[in-house]
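Me: I'm new to this one and I'd like to know what the labels are based on. Can I quiz you while we look?

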Amino acid sequence: MTTRDYNQCVDKHADGVYRFILKNIKDEDKARDIVQDSFEKMWNKAAEIDAEKAKSYLFTTAYHTMIDQIRREKKQTELDDDTINQHSVNNSYSDLKEVLNEALTRLPEMQRHVIMLRDYEGYSYQEIGEITNLNESQVKVYIYRARTFLKKYIGKMDLVV
């Protein structure tokens, strides 16, 4: 990959990677850091990366960097459910987008990642498998389970009204 290819990749995909990471971790500063780290890792290996596969490499690197960050944070602060429930507020939502975002946060981590890569970023099952190190059938199962959960969660009209 040439410097020109790298710069084009940054221009084309920086916003998409940032949106994907931000949707998953909900912290703008951490999302920016992860995207920056991903581009740095890509720059360090630019000579080894094929320009046509730059997008896939970038999203894969960002995904793994995000997972590493999440794991580091879990080791630092581990809250039990009782503590979280004491400090949480139960809001009624009137906006479907807010309900969907709330539902996404309730999905298991892997289901949330694959559903967002598929439905928000438009990746194929095969590409998602490459990014997350899952086989294609596992990706389909996770997406099916996530969509089933989202359908049930959003289907509860008392949450929407």
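Me: Which residues line the second largest pocket?
Reply: The lining is made up of Asp 5, Gln 8, Cys 9, Lys 12, His 13, Ala 51, Glu 52, Ala 54 and Lys 55. Bear in mind that this is a predicted model, where local features need pLDDT of at least 70, side-chain atom pairs count only at pLDDT 80 or more, and totals for chains, interfaces and linings use all residues. Residues are numbered from 1 along each chain as its sequence is written, and side-chain values use heavy atoms, with hydrogens and water left out.

Me: What makes it a pocket and not a cavity?
Reply: On a 1 Å grid over the protein atoms alone, a cavity is a set of points where a 1.4 Å probe fits but cannot get out, while a pocket is an open set with protein on both sides within 12 Å along at least five of seven lines. Lining residues, such as Asp 5, have an atom within 4 Å of a point. This pocket holds about 150 Å³ of space, counted as the space filled by probe spheres set on the points, which are joined across faces, edges and corners.

Me: Which helices supply at least two residues of that lining each?
Reply: Helix H1 (3-25) and helix H3 (54-76) do. H1 gives the largest share, 5 residues. Helices here are DSSP runs (H or I, at least four residues; strands are E, at least two), numbered from the N terminus.

Me: How do the lining residues divide into nonpolar, polar and charged?
Reply: There are 3 nonpolar, 2 polar and 4 charged. Ala, Val, Leu, Ile, Met, Phe, Trp, Tyr, Cys and Pro count as nonpolar, Asp, Glu, Lys and Arg as charged, and the others, Gly among them, as polar.

Me: And the whole protein, how many helices and strands are there?
Reply: It has 9 helices and 0 strands, so the pattern along the sequence reads α-α-α-α-α-α-α-α-α.

Me: Why is Met 110 called partly exposed?
Reply: Its relative accessibility is 23%. Buried means under 20% relative accessible area and exposed over 50%, with partly exposed in between (1.4 Å probe, protein chains only), so Met 110 lands in the middle class. Met 110 sits in helix H6 (residues 109-120). Leaving out residues up to four places away in sequence, Met 110 touches Tyr 63, Thr 132, Leu 134 and Tyr 142, where contact means heavy atoms within 4.5 Å. Met 110 and Tyr 142 are 32 residues apart in sequence, yet their C-alpha atoms are 7.4 Å apart.

Me: How do you know that Gln 111 is buried?
Reply: Gln 111 has a relative accessible area of 11%, which is under 20%, so it qualifies as buried. Gln 111 is in H6 too, and beyond its neighbours within four places in sequence it contacts Tyr 142, Arg 145 and Ala 146.

Me: What about Thr 65, buried or exposed?
Reply: Buried, since its value is 6%. Thr 65 is part of helix H3, and it touches Ile 34, Asp 37, Ser 38 and Lys 41, not counting residues up to four places away in sequence.

Me: What makes Asn 133 exposed?
Reply: At 58%, Asn 133 is over the 50% mark, so exposed is the right word. Asn 133 lies in the loop between helix H7 (125-132) and helix H8 (136-155). Asn 133 also has a positive phi of about 60°, although it is not a glycine.

Me: Why do Tyr 6 and Phe 39 count as an edge-to-face pair?
Reply: The structure holds 5 aromatic pairs. In this one, the ring centres are 6.3 Å apart and the planes are at 85°. Rings of Phe, Tyr and Trp (its six-membered ring) pair if their centres lie within 6.5 Å, and planes under 30 degrees apart are stacked, over 60 edge-to-face and the rest tilted, so both tests are met. Tyr 6 is in helix H1 and Phe 39 in helix H2, so the pair ties together parts 33 residues apart in sequence. Tyr 6 is buried at 10%, and Phe 39 is buried at 8%. With Trp 43, Tyr 6 and Phe 39 form one aromatic cluster.
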